[in-house]
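Trainee: Please take one part of this model and go through it closely. I would like a connected account rather than a list.

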Amino acid sequence: RQEGLLTIDTLAVGVARLGQKSQKIVFGKLNELLLVDFGEPLHSLVICGEIHPLESEILEYYRVKSEDMTYIDEEEDNDNEDNDHVN
């Protein structure tokens with residue numbers, strides 16, 4: 001069922017290897033997190049609901065940065081822009 005609960009603009013936190021020296025925590029829109037190389041497992045994805053201002057302040061520390069992203073070729077990127085919802 002595609003009810004539009006999640007879109008490419010839905011905010012989420014991607015987490016990999018939490019508690020390990022190599023842990024990675026990244027906050028951003030789902031379409032941004034799709035481009036992040038989280039490395040080896042274990043991975044978790046936390047979908048954000050309403051965010052309290054204090055939570056927002058902390059999450060900004062983990063905001064996705066350009067160096068976190070792996071880039072895909074332009075043709076594949078254009079195909080993804082046509083998709084309004086995450087499957």
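Mentor: Arg17 is buried but forms no salt bridge. The model is predicted, and in it the nearest side chain of opposite charge belongs to Glu40, 7.1 Å away. A salt bridge would need a side-chain nitrogen within 4 Å of a carboxyl oxygen, so Arg17 and Glu40 do not form one. What the side chain of Arg17 does reach is the backbone oxygen of Ser22, at 2.8 Å.

As for its place in the chain, Arg17 sits in the loop between β1 (11-16) and β2 (24-29). Leaving aside residues up to four places away in sequence, Arg17 touches Ser22, Gln23 and Lys24, and also Phe38, Gly39, Glu40, Pro41, Leu42 and His43. Glu40 is thus a contact of Arg17, though not a salt-bridge partner.

One of these contacts, Phe38, leads to the nonpolar interior. Phe38 belongs to the largest nonpolar core, which has ten residues. The others are Ala12, Ala16, Val26, Leu30, Leu33, Leu35, Val36, Val64 and Met69. Two elements, β1 and α1 (30-33), each give two or more residues to this core. A second core is separate and has five residues, among them Val13, Phe27, Cys48 and Leu59. In soluble globular proteins, nonpolar side chains tend to be buried together.

Elsewhere, the whole structure holds one aromatic pair. Tyr61 and Tyr62 make it, edge-to-face, with 4.9 Å centre to centre and 90 degrees between the planes. Tyr61 is exposed, at a relative accessible area of 62%, while Tyr62 is partly exposed, at 27%.

Conventions
Residues numbered from 1 in each chain as written. Predicted model: local features only at pLDDT ≥ 70, side-chain atom pairs only at ≥ 80, totals over all residues. Heavy atoms only, no water. Helix = DSSP H or I, 4+ residues; strand = E, 2+ residues; numbered from the N terminus. Buried < 20%, exposed > 50% of the residue type's maximum accessible area, 1.4 Å probe, protein only. Lys, Arg positive; Asp, Glu negative; His and termini not counted. Polar contact = N/O pair within 3.5 Å; in protein donor to acceptor, adjacent residues only side chain to side chain. Contact = heavy atoms within 4.5 Å. Core = buried A, V, L, I, M, F, W, Y, C linked by side-chain atoms within 4.5 Å. Phe/Tyr/Trp six-rings, centres within 6.5 Å; stacked < 30°, edge-to-face > 60°.
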